[in-house]
Amino acid sequence: MSIEIRNIAKQFGDFAALKDVSFKVETGELVALLGPSGSGKTTLLRIIAGIEVPDGNHGAILIHSADTTAIGFRDRRVGFVFQHYALFRHMTIFENVAFGLRVRPRRLRPSEKVIKEKVNELLKLVQLDWLGDRYPSQLSGGQRQRIALARALAVEPSVLLLDEPFGSLDAQVRKELRLWLRRFHDELKITSVFVTHDQEEALEVADRVVLMNEGRIEQVGTPDEVYHHPANAFVYNFLGNVNLFHSRVDEGKVYLGEMPIDLPAENAQDANSALVFVRPHLLEIERQRNGGDNFRAKVTHINAAGPLVKVDLSTDWGAPVHVEISHERYSSLGLKREDEVFVRPRERKVFVERQNGIDECRN
Amino acid sequence: MIEPRWVCVLLISSALLFLGIFLVLPLIVVFSEAFKKGVEVYIESVREPDAAAAIRLTLIAAAIAVPLNLIFGVAAAWAIAKFQFPGKSFLITLIDLPFSVSPVISGLIFVLLFGLQGWLGPWLSEHDIKIIFAVPGIVLATIFVTFPFVARELIPLMQSQGSEEEEVARTLGAGGWQTLWRVTLPNVKWGLLYGVILCNARAMGEFGAVSVVSGHIRGATNTIPLHAEILYNEYNSTAAFAMASLLTILTLGTIALKALIDWKSQIDIREVSERVSTEG
């Protein structure tokens, strides 16, 4: 079942949580709503579920092309998994999963035998069928998360919504569980939307990523698209480690210290200043100055524990620079703290700032 | 041991002395005075018609006030803890009002409202309805005074639990009543029971407010505390203390029940953790 979000707005007092948001989730897709806290992603998820009501009457949520804006969340057949799982603490795991079946109107309620089969089937699906008679407080975080998922699936929802599904788990369990969720989704093919503030999580798990900031959508695309072709400065900055340099524009050129970058003519006009983004692994460290496409910096910290060597430097004009190089390169350079070196960007993205906003430079 | 021995002895004995004078001694006095002239006199003074009437009235007032305040308390706590609405803090203040107003004033409010000279007095007497100096007045005063107990017990508990479980229940298709019965109430059952016990103890023991609206008509509008006072003023101290001993038994019963509830809810927790240690 597809989900279509049309012109949704939501205001909490003076705070505009969502400003005219529209996008579509295709049938069977797993979509991530990604953004910093306060970007409106959880509010949007709660509106899709029907827990919150959007403002005004020009917005609509369509599930399988049917308008559900007027339907209360009881009748939407939406599975919602809460960030802190919200398992019923006074019920056993079995009863938690059975809840959705037991509260059905009498004529639609399955028999005790059917409930039992169905719950056991779901517990098997999340690989926790041996926990049926325990209470939520006896389970680990990852187990609770999977039980919350099984409980949501018991009512056979047409779409599944997950709010920060891995938010309160430790790093190790997080990684395992998100791979598990991906496989789980591939098996069930149920249209799903999950909220996260972790870009790595979104890029790894989702079919498509919706990037949100301050109540607006900044970009929608596959992980590959948004990572390699970020639509704007926010997306570039938010997706992964990046070095950001603020710089003045002078006669059609941007300067990183002594290193000039030519701006295309159409961008150079009436530009005030520029933002230059370079990812850490796209910076080269050299002992000698070879040509003019580099700038001077001093090594402040080296962390060689990991697959790449992380080098922190400080430029002449005081900006911090973060570089990742291979161990081979690191030993051939023989880097030490306080060394004076030259840094050369192999690739960079430049955005110029004008009076009326920020433009990307195509070069 | 950091403190010298004499400091420990001094602190412990002064604490015990304080407890003895203010808690244990009164208990002993009540029962020894009540049984001073023997068990038969005690039983006689409890079975005497006016005393029996006072006991009956106290039970009636509690039997009406406690269930009403139970329903009201759950409804108020549910509204306050689970929903946002304008005027919420004002409602909380209103619920606390009976705690902050002197019981005598509470009684007077009802006299001013329903008394012969009161606002509704003429209309009531026209229709031959008696509230003040009658049983309805006593019930009303009791309800008013015991109003906050259940709500006060439940509000912080429900607030700390949040409303996520209720939201889950709704997304799983549960209606309002199903959510209340299956999710909200089971989560607060011990707090609720505790609130009811406190409410009942106060309903039976209330003196001030009830005294103002009662009129002290023997055998008709006297509750146990009022009857005890009358007997005491008549220098009938054995009968007075017999009445007082009934209230004391109620108090001791309340404490025992409270201890039982604490113990029972601890057991719930322990059972869970024991199951973990044996299975996991």
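This is a walk through two sheets, two helix pairs and one chain interface. The model is a predicted one, so please read every value below as computed from predicted coordinates.

Let's begin in chain A, with an open sheet of six strands whose pairing is mixed. Reading across, the order is β6-β7-β8-β3-β9-β10. The strands at the two edges are β6 (78–81) and β10 (216–221), and each has a single partner strand, so one side of each is left without a neighbour in the sheet. From one strand to the next, the twist averages 15°.

Inside this sheet, have a look at β7 (residues 159–163) and β8 (residues 191–196) of chain A. They pair in the parallel sense, over five bridges. A handy place to find this pairing on screen is A:Leu160, which stands opposite A:Ser192 in β8(A). The sheet also has a helix against it: α4 (residues 141–153) of chain A lies across β6 and β7 of chain A. Its direction is at about 165° to that of β6(A).

Further along chain A comes another open sheet, this one made of five strands in the order β15-β19-β16-β17-β18. Here the pairing is antiparallel. At the edges stand β15 (283–286) and β18 (320–325) of chain A; each has a single partner strand, so one side of each is left without a neighbour in the sheet. Neighbouring strands of this sheet are turned by 45° against each other on average, direction ignored.

You can cross this sheet strand by strand, starting from the β15(A) edge. Strand β15(A) is joined to β19 (residues 340–345) of chain A by four bridges, and the two run antiparallel. Here A:Glu284 stands opposite A:Arg344 in β19(A). Next, β19(A) is joined to β16 (residues 295–303) of chain A, again antiparallel, through four bridges. In that pair, A:Ala297 has A:Val341 in β19(A) as its bridge partner.

The next step across takes you from β16(A) to β17 (residues 309–315) of chain A, an antiparallel pair with six bridges. Along this pair, A:Lys298 stands opposite A:Ser314 in β17(A). The two strands form a hairpin with five residues between them, and there A:Gly306 takes a positive phi near 145°. The last step brings you to the other edge: β17(A) and β18(A) pair in the antiparallel sense over six bridges. A:Lys310 faces A:Glu324 in β18(A) across this pair. These strands form a hairpin too, with four residues between them, where A:Gly318 has a positive phi near 95°.

Now for the helices. Two packed helices are described by the angle between their axes and the distance between the axes. In chain A, α2 (residues 93–102) and α3 (residues 112–125) pack at an angle of about 125°, with their axes 9 Å apart. That angle makes α2(A) oblique to α3(A). Their crossing is right-handed. On the α2(A) side, the residues in contact are A:Ile93, A:Phe94, A:Val97, A:Ala98, A:Leu101 and A:Arg102. They meet a set of residues in α3(A) that includes A:Ile115, A:Val119, A:Leu122 and A:Leu123. By class, this contact has nine nonpolar residues, one polar and four charged.

Chain B offers a helix pair of its own. Helix α8 (residues 148–161) and helix α11 (residues 189–205) of chain B pack at an angle of about 155°, with their axes 7 Å apart. That makes α8(B) roughly antiparallel to α11(B). This crossing, too, is right-handed. From α8(B), the contact uses B:Phe149, B:Val150, B:Glu153, B:Leu154 and B:Leu157. Among the α11(B) residues that take part are B:Gly191, B:Gly195, B:Val196 and B:Leu198. The contact has nine nonpolar, two polar and two charged residues.

Finally, let's put the two chains together. At their interface, 22 residues of chain B are in contact with 26 residues of chain A. Between them the chains bury about 2400 Å², with 56% of it on carbon and sulfur atoms. If you would like a place to start looking on the chain B side, try B:Thr171, B:Leu172 and B:Arg182: they lose the most area to chain A, together 27% of what that side buries.

Terms used
Residues numbered from 1 in each chain as written. Chains lettered and ligands numbered in written order. Predicted model: local features only at pLDDT ≥ 70, side-chain atom pairs only at ≥ 80, totals over all residues. Heavy atoms only, no water. Axes fitted to C-alpha atoms, helices over the stretch in contact; angles between N-to-C directions. Parallel < 35°, antiparallel > 145°, perpendicular 65-115°, else oblique. Left-handed = near helix turned anticlockwise from the far one by under 90°. Contact = heavy atoms within 4.5 Å. Nonpolar A, V, L, I, M, F, W, Y, C, P; charged D, E, K, R; others polar. Pairing = 2+ DSSP bridges. Buried area = accessible area lost by both parts, 1.4 Å probe.
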